[in-house]
Structure formats: C-alpha cells, structure tokens
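Biologist: Could you choose one part of this protein, look at it closely, and then walk me outward from there in a connected way? I'm at home at the bench, so plain residue-by-residue talk suits me well.

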Amino acid sequence: MPSRPNILLITSDQQHWRMLGVHTPGLKTPHLDRLAAQGTRFERAYCPNPTCTPTRSSLITGLYPSQHGAYTLGSRLPENISTLGQYLQDAGYDCTLIGKAHFQPLRGTEEFPSLEAFPTLQDLDFWRSFHGPFYGFNHIELARNHADEAHVGQHYAIWMEENGAKEWRNWFQPPTGTTPAQRHRWNIPEKFHYNTWIAERTIARMEQVRHAPFFLWASYFDPHPPYLVPEPWDTMYDPAQIELPVQGLDDIRRWPELMRRTQIAGSSFDEWEEPDGHIIHGLGHHRIDPDALRKDVAVYYGMTSMLDHYIGKILTRLDELGLAENTLVLFTSDHGHYFGQHGLTAKGPFHFEDGLRVPMIVRWHDRVPAGRVSHALQSLVDFAPSLLAVADLPVPGNMSGKNQLPIWQGDETGARTGVSIEFRHQPTKLNLRTYIDTRYKLTVWNHPPDGELYDLEADPGENHNLWSDPDAGELKTKLLQKALLMEMEKEPYRMPRLAVA
C-alpha cells in the first residue's frame, strides 16, 4: 500500500449547492448521499469566482484569480505558475486529470497559445500522442464540450471512435457535427456519453497506478447547461412536480444597475461588449416563462442524477480495489447555478449565495468524521494547501489559500472568519469584490460604483440590500474594513525575510 494517502478529487460543473438528495426532496443522488454519510458535508463552501476558468485555476494553484492571472473566462492560466500537481509529483505521486480542464481559452494567439483552442482542440492525431505534462498533471485525458456543443474533440472524441462510434459527429452541433442544437433530450447513446467516458477512464487509471500514491481528478461537465441529457434521464423528473425557487425581487430597486437590467425585457448590454466581440457572461435578460423553466430544471435534475450514477461507479471500484481506506475523497463543484432565484438563470457577475456556494463532501476513513455536517467557511482556493497537508507535505508560502485539513478532521478552532470572492472582466470594465463572514455579506461594484450588503442570518434569501440603509452605516463601515483586511491577507508569502536589511 502507498506510504502516502491517495487523493481522489471529483468535481461537477455548475452544480447548485442544494442539488443533493440530502437537501432537495425527490432528487435522487444516492451515491453522493452515501458519500456524505461516510464523511463530512460542508454547508458553507464557496468558489473564489463564479465562473469556470478562474475557479479551476485557483483550485490547483491555491491562489486567487487576481493573483494567478486567469481572472475571467477566455483568459489563460500561465504555465509558469506552480500547481498542486507539481508539488505532489515531487513527492512521488502520480497526478492525473480526466475530463474538463478549462485552464485555457477556446481561442489562442501567437503570444498566448492554447492547447484547448481550435484547431488543436480537434486535431485527434495530436491528442492520440499527447497526455501531458499539463499544469502539474503527468497524465491527462481531456474534453471541452458541454453536451452537444461543437467544440467536441480531444481524448473524448478518440475514445468514442475507439469504442465503435465512427459517426459520433451525428450527436454534436455544426460545424464539427451534423445535428442542430438539441433541447432537453440528447440523441447520444448513454454508453458514449462523457459521463461514461470519465468514469471508465478514471477507473482504468486508478487500476493502473494503484500501487503508487495518486492524485486523481475526475472532472465532470454536468449539470452545466445546455439542459441536455440522454434518455431515460431526460424524463426522470416531471416538470409539473418541480417547485421553482422564490425569485426574491422585492427589493429590486436597491439592486446595482446591471442587476436590475437583467429583469427588463429587451434590455441591451452592447456597451459591455468588447471591440473583439467578447461579452460578459450573464449580462442580458434573464426572465423566462415558468413552465419552460420547470422543464429546464427537471432536466437539470436528470443531469445531476446521471452524474451521481457515474460517480457511484468510481466509488464502487475504489472499494473493490481495497483503496478506500487510504484514499481521501473530495467532492465539489466549480461554482453555483441560478434556476430562477432572483429572476436569474445559469450564471453571471452576480454574487448571490446560489452562484457562489458549492456542494462539498470530504471522506477519509477514520480521519474525517462520518455523518457530520459542518458550517465552517470553506473556499476552493484552500484545496491546494489542504491537499498538500493531507499528503504530509509543507504548504509553500506562495499559496494564499488556507490549510483546512484540521477543520476537515473536526477541529474548527482555526476555521476561517471570512471568505473572499472576485469577479473581473476587464480592469476598466466590471470588477466585483465580495467579503462574507459567518453572518454578513458585502459586495463592492466598481462600474458603476455601487454595492450590496445582506444579513444572511435575518435575510437568508438576500432579498433586502442594506447598502444604502442609514441604519446599516456602522455595520457597512466595519465590513468594509474586514474586507480590506482580507484583501491584505491574500498576499502570498513567497519567501521569508532573511536579514535586518
């Protein structure tokens, strides 16, 4: 058995923190529910940015998006940034990523090339011979598409071909594929779905490296929109039985301007479009017909249940191989999701709890309490230093995240007093900073200058923005000071002071 513990990281994409059977009656996630029963579920885990690339980059670097450089969708994590995998490899770990990376954009330049961009993305001959190294992973098997999106390729497309799906392009959108965008039911056979691929390849890699300590990341794509899943999962839930969340629009007049405009039909955001055509995700009209939304949410539930089914296959094989006792299993998602809360859908530059909080479960036999529910504040930026601590390795000073291992193991005396969330599109465009402590949330918007302040204890639905409330002036001042102190605390400690001068 390896002298150091194995680490199995399983992530979903854009999964609302309540999308577990233990939270949502009627939602079937038996494998994740069992994982929670065998470990500790963290109810207040937050992403450092409510979009994919920034948070995923923070997860493997222990740095905030403003520090590692991949600060928004369409940016690129510099390859000279130290990562968790590099430190683990130096200690003898095999480090593997199966599924979604999204450390690089769909379009590269000569100055900033991208392996995850066209045309390399769909150069299958290249991917047949390339499995790393890539950001600290010595072995990778990647894909990039969500459901039937046209940017399918990489190792997933190769796997489909090798398993007999010679006409796999019939399941994807043009110009790569031949099928127009589908709605709700994906015509792909389940045996060729990327959930099947990720589970199969994760298990194969686990079997291959079982005698060495491993860090294995199974990185799933669902339940990220489009709301699309193969049968029978698409009809697993009846839309008529879906209870939509309370929208929480009572205090819309106190919202920052850009948030108010999401509720105005036909609103235009042309001024937020960059000269090269790039736009800010989520700035547009969000309101949709309730019946259409119920159908979307029913399929979102089905995607979540299918995801759980294939996570279960990995966990079952881990048990069968006799590896479970020496393997820390960590499950989370990269950011949250809106399905009607505050009149919003999917994601965007909004810092409500629905977009920021993520499901999080930690299981480690006899070392993490079983059946426990913790409300200690967690941030995904803490994963890299915490997993180094799991491997009994020192946490380098160039990481800003906190070592949460003692909290995972039940000692909450040193738990975080607050978390920080960022969102930035361009330096002179939209820039948000949020500070959250055990009770309050404060968000500062730069353009136009505005803010939000919520009492999460008295107002858990975040319906009453206290930013401009005269009675909250003293509270706002104290929270602004705490937020500034947290920004100061983020600075990496890259090297010790060696002398007086």
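Modeller: Happily! Let's start with Ala-346, which is partly exposed with a relative accessible area of 23%. Keep in mind that this is a predicted model. Ala-346 belongs to strand S11, which covers residues 345–346. Its class follows from the cut-offs: buried stops under 20% and exposed begins over 50%, so a value of 23% makes Ala-346 partly exposed. The backbone is what makes this a nice place to begin, since phi of Ala-346 is positive, near 65°, although the residue is not glycine. For context, most residues other than glycine have a negative phi.

Ala-147 gives you another case to look at. This residue also carries a positive phi, about 55°, without being a glycine. Ala-147 sits in the loop between strand S5 (139–143) and helix H6 (154–162). Its relative accessible area is 1%, so Ala-147 counts as buried. Asp-392 can join the list, with a positive phi of about 60° just after helix H11.

That brings us to H11 itself, residues 383–390. Eight of its eight residues are buried, so the helix is largely enclosed by the rest of the structure. Phe-383, Pro-385 and Leu-388 are among those buried residues.

While we're on the backbone, have a look at two proline sites. The bond from Pro-225 to Pro-226 is cis, with omega near 15°, and Pro-226 lies in the loop that connects strand S7 (214–219) to strand S8 (228–229). The bond from Glu-231 to Pro-232 is cis too, with omega near 5°; Pro-232 is in the loop between S8 and helix H8 (257–261). Most peptide bonds, by contrast, are trans.

Now let's turn to a well-covered strand, S16 (residues 418–424). Seven of its seven residues are buried. Gly-418, Ser-420, Glu-422 and Arg-424 face one way, while Val-419, Ile-421 and Phe-423 face the other, and both sets are buried. S16 runs antiparallel to strand S17 (residues 431–437), and seven bridges join the two. One of the paired residues is Arg-424, whose bridge partner in S17 is Asn-431. Within S16, Ile-421 is worth a pause: its relative accessible area is 0%, so it counts as buried. The C-alpha atoms of Ile-421 and Arg-433 are 5.9 Å apart, although 12 residues separate the two in sequence. Setting aside residues up to four places away in sequence, Ile-421 touches several others, including Tyr-46, Pro-50, His-351, Leu-356 and Ile-436.

Asp-94, in strand S4 (residues 94–100), makes a good companion. At a relative accessible area of 14%, Asp-94 is buried. Beyond its neighbours within four places in sequence, Asp-94 is in contact with Asn-138, Arg-205, Val-209, Pro-213, Phe-214 and Phe-215. Phe-215 also appears in the largest nonpolar core, which has 133 residues; with Leu-88, Phe-103, Tyr-156, Met-160, Tyr-220 and Trp-408, it touches the most other members. Helix H9 (residues 290–320) contributes the most to this core, with 14 residues. Another core, of nine residues, lies apart from it, and Tyr-440, Ala-472, Ala-483 and Met-486 are among its members.

For charged partners, a search of the whole structure finds 32 salt bridges. One of them pairs Arg-56 with Asp-13, the closest N and O atoms being 3.8 Å apart. It links distant parts of the chain: Arg-56 is in helix H2 (residues 52–61) and Asp-13 in the loop between strand S1 (6–12) and helix H1 (30–38), 43 residues apart. Both ends are covered, as Arg-56 is buried at 1% relative accessibility and Asp-13 is buried at 0%.

Asp-125 and Arg-128 form another salt bridge, with their closest N and O atoms 2.8 Å apart. They are three residues apart in helix H5 (residues 124–129), so about one helical turn separates them. Here Asp-125 is exposed at 59%, while Arg-128 is partly exposed at 40%. Going back to Asp-13 and Arg-56, these two join Lys-100 and Asp-334 in one network of salt bridges that share partners.

Let's finish at the surface. Leu-484, Leu-485 and Met-488 make a nonpolar patch of about 310 Å². Met-488 comes from helix H13 (residues 473–489) and is partly exposed at 48% relative accessibility.

Note on methods: Residues are numbered from 1 along each chain as its sequence is written. This is a predicted model: local features need pLDDT of at least 70, side-chain atom pairs count only at pLDDT 80 or more; totals for chains, interfaces and linings use all residues. Side-chain values use heavy atoms; hydrogens and water are left out. Patches are made of residues with over 30% relative accessible area and no salt bridge: like charges are joined within 9 Å, nonpolar side chains (Val, Leu, Ile, Met, Phe, Trp, Tyr) within 5 Å. Accessible areas come from the Shrake-Rupley method with a 1.4 Å probe; for residues, only the protein chains shown count as cover. A salt bridge is a side-chain nitrogen of Lys or Arg within 4 Å of a carboxyl oxygen of Asp or Glu. Helices (H or I, at least four residues) and strands (E, at least two) are DSSP runs, numbered from the N terminus. Buried means under 20% relative accessible area, exposed over 50%, partly exposed in between (1.4 Å probe, protein chains only). A nonpolar core is a set of buried Ala, Val, Leu, Ile, Met, Phe, Trp, Tyr and Cys residues joined through side-chain atoms within 4.5 Å. Contact means heavy atoms within 4.5 Å. Two strands pair if DSSP finds at least two bridges between them.
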